Amino acid sequence: MRFAGITFGVPKEIMQGERRIAAIPETVKKMVLNGAKVLIEKGAGEGSFFSDEKFIQAGAEIVDNAKDVYGRATVILKVKEPRYNIELGVHEADMLKKGQLLIAFLHPASPQNHELIRNIAKTGATSVTLDGIPRMTRTACMDPLISMSTVAGYKSVISAADRLTKFLPMLGTAVGMIKPSHVVVIGTGVAGLQAVATAKRLGSVVSCTDVRADACEQAKSLGARILDLEIPASAALGEGGNAKRLSDEWLTLERKKITDLVKTADILILSALIPGKKAPVLVTEDMVKLMGPGSIIVDISVDQGGNCALTEPEKICVKHGIIIDGTRNIPATMPASSTFMFSHNIYNLVEYLAAEGRINADKNDPIVKSILTTHNGEIVHAGAKEAMAHSGE
């Protein structure tokens, strides 16, 4: 059996506001049927409405605390990166051990996670980051970045609309016509496209842009107005049609071109990402100052550094009269849908990686190469090393 000899451990997520879990009874049952032992920390599924009893019925063992999970499991399945566990008085990274595998969203290129990645490497544990899975047809079912981007794109517009002090759609009233709000989306990958679709359904005028012509065409098909950045594909496209880091010259041109678009936005959704690398800063402080008072920025890319220079991770702040939302766990606000998708992504990934009771860490495998973060005491993730070198660490 594929998982024979493997013990999966699922600790309770401790990030504030995080309600997701890396496995649900449905995926646990499939793991057990394939020979695995599954440990679930007591109460880990409550935030997404899965009781301990449901996990027991699926074949899992409920353990009292995270130390038991980390101490007994060979593979740790998490949603978010390790954090300090106040209840136990120990950082989750310090509970990892040599030979153990950690699977989670680590965002190793993000500056705020560099110290964490170095600490994981020191433990000798192997880790893989879920934000690095290459975009290929065969990997779509195991890519939680796609699933969670769908949730983030949708919820970013809903949460911004809730804070906006204007109507989104055009309304005819007894005192006159009220103009529709203007939603601007920068970066029309999975999250951006979902943001465009949601904003259009709510009746707003939507404009967007992306360095990739194909992404713009998809947004246009949803009814969005497109700003052509006029950046050649040779400068903008990387492997698998993903965006790649622009040179400083092209990045300066992009900022210049989007400035007039940004200042017209009632809601600005930022979702421009480069797989496995730090997100580009596209919206400067001077650009924020040009926006109308009370406008809202939702920086979906904050987990990888953010697209706005003023975004504060995990905070919703007001700067120059503009509300800037740096929420890092938007999908966690929709735990039922996001957990269902995430857990199935995780199962499909471990099913791919597992063979004869062990997990494949072959760097020649294109999927492993893209997600492997720490191995044998070293940081091996290209994006993390590049970001660390760029910041002089």
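Which residue stands opposite Val205 in β12? In this predicted model, that residue is His182. The pair belongs to an open sheet of seven strands, and a second open sheet is built from eight. This briefing describes the two sheets in turn and then a helix pair.

**The seven-stranded sheet**

- The strand order is β13-β12-β11-β14-β15-β17-β16, and the pairing is mixed.
- At its edges stand β13 and β16 (316-319), each of which pairs on one side only.
- Strand β12, residues 205-209, is mostly covered, with four of its five residues buried.
- Five bridges link β12 to strand β11 (residues 182-186), and the two strands pair in the parallel sense.
- Helix α6 (residues 190-201) completes a right-handed β-α-β unit with β11 and β12.
- β12 is also joined to strand β13 (residues 225-226) by two bridges, again with the strands running parallel.
- In that pairing, Ser207 is found opposite Arg225 of β13.
- A right-handed β-α-β unit is likewise made by β12, helix α7 (residues 213-221) and β13.
- Elsewhere in the sheet, strand β14 (residues 267-270) pairs with strand β15 (residues 296-299) through four bridges in the parallel sense.
- Ile267 faces Ile296 of β15 as its opposite residue.

**The eight-stranded sheet**

- Here the order is β3-β2-β1-β4-β7-β8-β20-β21, and the pairing is mixed.
- β3 (61-63) and β21 (378-379) occupy the edges with a single partner strand each, so one side of each has no neighbour in the sheet.
- Helix α1 (residues 25-33) packs on this sheet, where it touches β1 (7-10), β2 (37-41) and β4 (75-80).
- The direction of α1 makes about 150° with that of β2.

**Strand β8 and its two partners**

- Strand β8 (residues 126-129) is covered on both faces: Thr126 and Val128 are buried on one side, and Ser127 and Thr129 are buried on the other.
- On one flank, β8 is joined by four bridges to strand β7 (residues 101-105), and these strands run parallel.
- Leu102 has Ser127 as its bridge partner in β8, while Ala104 stands opposite Thr129.
- The chain passes from β7 to β8 by way of helix α4 (residues 114-123), and this β-α-β crossover is right-handed.
- With strand β20 (residues 372-375), β8 instead pairs in the antiparallel sense, over two bridges.
- Val128 has Leu372 as its bridge partner in β20.

**The helix pair α5 and α11**

- Helix α5 (residues 144-163) and helix α11 (residues 335-353) have axes that come within 9 Å and cross at roughly 170°.
- The two helices are therefore roughly antiparallel to each other, since angles over 145 degrees count as such.
- From α5, the contact is made by Pro144, Ser147, Met148 and Val151.
- From α11, the contributing residues are Ser338, Met341, Phe342 and Asn345.
- By class, the residues of this contact comprise five nonpolar, three polar and no charged.

Definitions and conventions
Residues numbered from 1 in each chain as written. Predicted model: local features only at pLDDT ≥ 70, side-chain atom pairs only at ≥ 80, totals over all residues. Heavy atoms only, no water. Buried < 20%, exposed > 50% of the residue type's maximum accessible area, 1.4 Å probe, protein only. Pairing = 2+ DSSP bridges. Right-handed = clockwise from strand over helix to strand, strands pointing away. Contact = heavy atoms within 4.5 Å. Axes fitted to C-alpha atoms, helices over the stretch in contact; angles between N-to-C directions. Parallel < 35°, antiparallel > 145°, perpendicular 65-115°, else oblique. Nonpolar A, V, L, I, M, F, W, Y, C, P; charged D, E, K, R; others polar.
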